[in-house]
Amino acid sequence: MLKKIVTVTIAGILLMGAVIFYFVTFFAYIPFAKFSGFPVPKNAKLVKEKERVDIYDWSKASE
């Protein structure tokens, strides 16, 4: 009985982790039509816009 409860609890935690990962990963970006749907982070700020490139400042990106 205890083994079943532990198994169900672990499975539930893993499932919730997978759902949270899915929503954080796939809903944090928007497709950008100018570059054929390439994803851009929602909270990225446009710094400079040129004809062929857009430069963004995104706090989560490492430089």
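Q: How many salt bridges does the count come to in this predicted model?
A: A pair counts here when a side-chain nitrogen of Lys or Arg lies within 4 Å of a carboxyl oxygen of Asp or Glu. Glu49 and Lys34 form one such pair, and Lys34 also meets Asp54 in a salt bridge. By this rule the count comes to two.

Q: Which residues are linked in a network of salt bridges?
A: Let's follow the partners. Glu49 forms a salt bridge with Lys34, with the closest N and O atoms 3.8 Å apart. The side chains of Lys34 and Asp54 meet at 3.3 Å, N to O. The residues linked in the network are therefore Lys34, Glu49 and Asp54.

Q: How many residues apart are Glu49 and Lys34, the pair that links distant parts of the chain?
A: These two form a salt bridge, with 3.8 Å between the closest N and O atoms. Glu49 sits in strand S3 (residues 45-49), while Lys34 is in the loop between S1 and strand S2 (38-41), so to speak a link between distant parts of the chain, and the two are 15 residues apart.

Q: How many residues apart are Lys34 and Asp54?
A: The side chains of Lys34 and Asp54 meet in a salt bridge. This pair links distant parts of the chain, with Lys34 in the loop between S1 and S2 and Asp54 in strand S4 (residues 54-57). Their separation in sequence is 20 residues.

Q: Is Asp54 buried or exposed?
A: The cut-off to keep in mind is that buried means under 20% relative accessible area. Asp54 has a relative accessibility of 11%. Asp54 therefore counts as buried.

Q: Why does Glu49 count as exposed?
A: Glu49 is in strand S3. A residue is called exposed over 50% relative accessible area. Glu49 counts as exposed because its relative accessibility is 53%.

Q: What does Lys34 count as at its relative accessibility of 37%?
A: Buried means under 20% and exposed means over 50%, with partly exposed in between. Since Lys34 has 37% relative accessibility, the class for Lys34 is partly exposed.

Q: Which residues does Glu49 touch, not counting those up to four places away in sequence?
A: One place to look is the salt bridge that Glu49 forms with Lys34. Glu49 is also linked with Lys34 and Asp54 in a network of salt bridges. With residues up to four places away in sequence left out, Glu49 touches Lys34 and Asp54.

Q: What accessible area do the residues of the nonpolar surface patch have together?
A: The patch is formed by Leu15, Val19, Tyr22, Phe23, Phe26 and Phe27. Phe27 lies in the loop between helix H1 (2-26) and strand S1 (29-32), and is partly exposed with a relative accessible area of 44%. Together, the patch residues have about 620 Å².

Q: What pattern does the protein follow along the sequence?
A: There are one helix and four strands in the protein. Read along the sequence, they give the pattern α-β-β-β-β.

Q: What is the radius of gyration of the protein, and why is the protein called more spread out than a compact globule?
A: Along its principal axes, the C-alpha trace spans about 65 × 25 × 15 Å. For 63 residues the globule rule gives 11 Å, and the protein is well over that, so it is more spread out than a compact globule. Its radius of gyration is 19 Å.

Q: What share of the 63 residues counts as buried?
A: The accessible surface of the protein comes to about 5900 Å², of which 69% belongs to carbon and sulfur atoms. Residues count as buried under 20% relative accessible area. Of the 63 residues, that share is 6%.

Q: How far apart in space are Phe21 and Val47, C-alpha to C-alpha?
A: Phe21 is in helix H1, and counts as exposed at 56% relative accessibility. Phe21 and Val47 are 26 residues apart in sequence. In space, C-alpha to C-alpha, the distance is 29 Å.

Q: Where is confidence highest in the protein?
A: The protein averages a pLDDT of 88, and 97% of the residues score at least 70. Confidence is lowest in S1, at a mean of 84. Confidence is highest, at 93, in H1.

Technical notes. Residues are numbered from 1 along each chain as its sequence is written. This is a predicted model: local features need pLDDT of at least 70, side-chain atom pairs count only at pLDDT 80 or more; totals for chains, interfaces and linings use all residues. Side-chain values use heavy atoms; hydrogens and water are left out. Patches are made of residues with over 30% relative accessible area and no salt bridge: like charges are joined within 9 Å, nonpolar side chains (Val, Leu, Ile, Met, Phe, Trp, Tyr) within 5 Å. Accessible areas come from the Shrake-Rupley method with a 1.4 Å probe; for residues, only the protein chains shown count as cover. Buried means under 20% relative accessible area, exposed over 50%, partly exposed in between (1.4 Å probe, protein chains only). pLDDT is the predictor's confidence in each residue, from 0 to 100. The radius of gyration is taken over C-alpha atoms; the globule rule is 2.2 Å times the number of residues to the power 0.38. Contact means heavy atoms within 4.5 Å.
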